[in-house]
Amino acid sequence: MIEQFREAIVSAGLEPPDRIEMGKFIRFPGAGKNGRNRAGWCQLFPDGYGGIFGDCATGLNQTWQAKRDKPYTAQDRTEFDRMVKEARRQAEEQRKKEQTAAAAKARKRIEKAPEAAPSHPYLARKGIGAHQGVRQEGELLLIPMIGPAGDLLAVQEIDQNGGKMFWPAGCTTKGAMFKIGSDPAPGKPVLVCEGLATGAAIHEATGHQVIVAFTANNLERVARAARD
């Protein structure tokens, strides 16, 4: 049963942990992740005939049932539903704890870092300015990732060569944005784009406020939040 459960996780695009224990809620790296990432999660139920797994980063949330010689009884179904509900509750609780802890780490880091220097190699190579809010920590640019409610969610690191990473582990990027320029007057446009360099270039060329959404998957979510 464990091997069948493992195969179901693999077929969903995740790399399951080496050891899966029945009845235990387990965290592991999410899709395409490794190391300390713990976006992936799974639980094989105590009877071994059912389980659930997911990825907090992508929103994947999938149940699994093994083939049985006899169909589920009403009692079996009730118990399965109960275990699914409990596993989802655990996953959501863990996700919120990790995101809260990640946001606190990001806030401390941003508060310590000074405003970025215009001479930073990445900014100089892109031909853009060091806009308000962009911080610098040694050779790294730090971009605050602000949620729709105005709270800091995480930090995007950009190195001198343009390498990018979201920090810290466990953070959420859904709905995260970074504004360049002042809020517009009524009737004036707000522009939304994916990356910092693109956003800075657009703002410098047009004077309009630009909102950086960080990822392509975030564009629609950020655009809706900006409109609202």
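Start by selecting residues 152–158, which are strand 7, together with residues 164–167, which are strand 8. In this predicted model, the two strands run antiparallel and are joined by 4 bridges. To see how they line up, pick out Glu157, which stands opposite Met165 in strand 8. Then try Ile158: its partner across the way is Lys164.

Now follow the chain from one strand to the other. Strand 7 and strand 8 form a hairpin, with 5 residues between them. Click on Gly162 in the turn, where phi is positive, at about 90 degrees.

Next, stay with strand 7 and add residues 140–146, which make up strand 6. This pair is antiparallel too, with 6 bridges between strand 6 and strand 7. Select Ile143 and you will find Gln156 of strand 7 opposite. Strand 6 and strand 7 also make a hairpin with 5 residues between the strands, and there Gly150 has a positive phi near 90 degrees.

Is strand 7 buried or exposed? Show the surface around it: 7 of its 7 residues are buried, so strand 7 is largely enclosed by the rest of the structure.

Your next stop is Arg135, in strand 5 (residues 135–137). Display its side chain, then that of Glu115: the two make a polar contact at 3.3 Å. Leaving aside residues up to four places away in sequence, Arg135 also touches several others, including Ile110, Pro114, Leu140 and Leu142.

Time to look at some open space. The largest pocket holds about 1,300 Å³. To find its centre, select Asn37, Ala39, Ala57, Gly170 and Cys171, the closest of the 39 residues that line it. Which element gives the most to this lining? Colour helix 2 (74–112) to see the answer, as helix 2 provides 9 residues. Strand 4 (60–65) and strand 8 each supply at least two residues as well, so to speak bringing you back to a strand from the opening stop. If you colour the lining of the largest pocket by class, you get 15 nonpolar, 13 polar and 11 charged residues.

Finish at the second largest pocket, with about 180 Å³ of space. Among its 13 lining residues, Met177, Lys179, Ile211, Ala225 and Ala226 lie nearest the centre. Highlight strand 9 (178–180), strand 11 (209–212) and helix 5 (219–227), each of which supplies at least two residues of this lining. By class, the lining of the second largest pocket divides into 8 nonpolar, 3 polar and 2 charged residues.

Terms used. Residues numbered from 1 in each chain as written. Predicted model: local features only at pLDDT ≥ 70, side-chain atom pairs only at ≥ 80, totals over all residues. Heavy atoms only, no water. Polar contact = N/O pair within 3.5 Å; in protein donor to acceptor, adjacent residues only side chain to side chain. Contact = heavy atoms within 4.5 Å. Pairing = 2+ DSSP bridges. 1 Å grid on protein atoms, 1.4 Å probe; cavity = no way out; pocket = protein on both sides within 12 Å on 5 of 7 lines; lining within 4 Å. Points joined across faces, edges and corners; volume = space filled by probe spheres on them. Nonpolar A, V, L, I, M, F, W, Y, C, P; charged D, E, K, R; others polar. Buried < 20%, exposed > 50% of the residue type's maximum accessible area, 1.4 Å probe, protein only.
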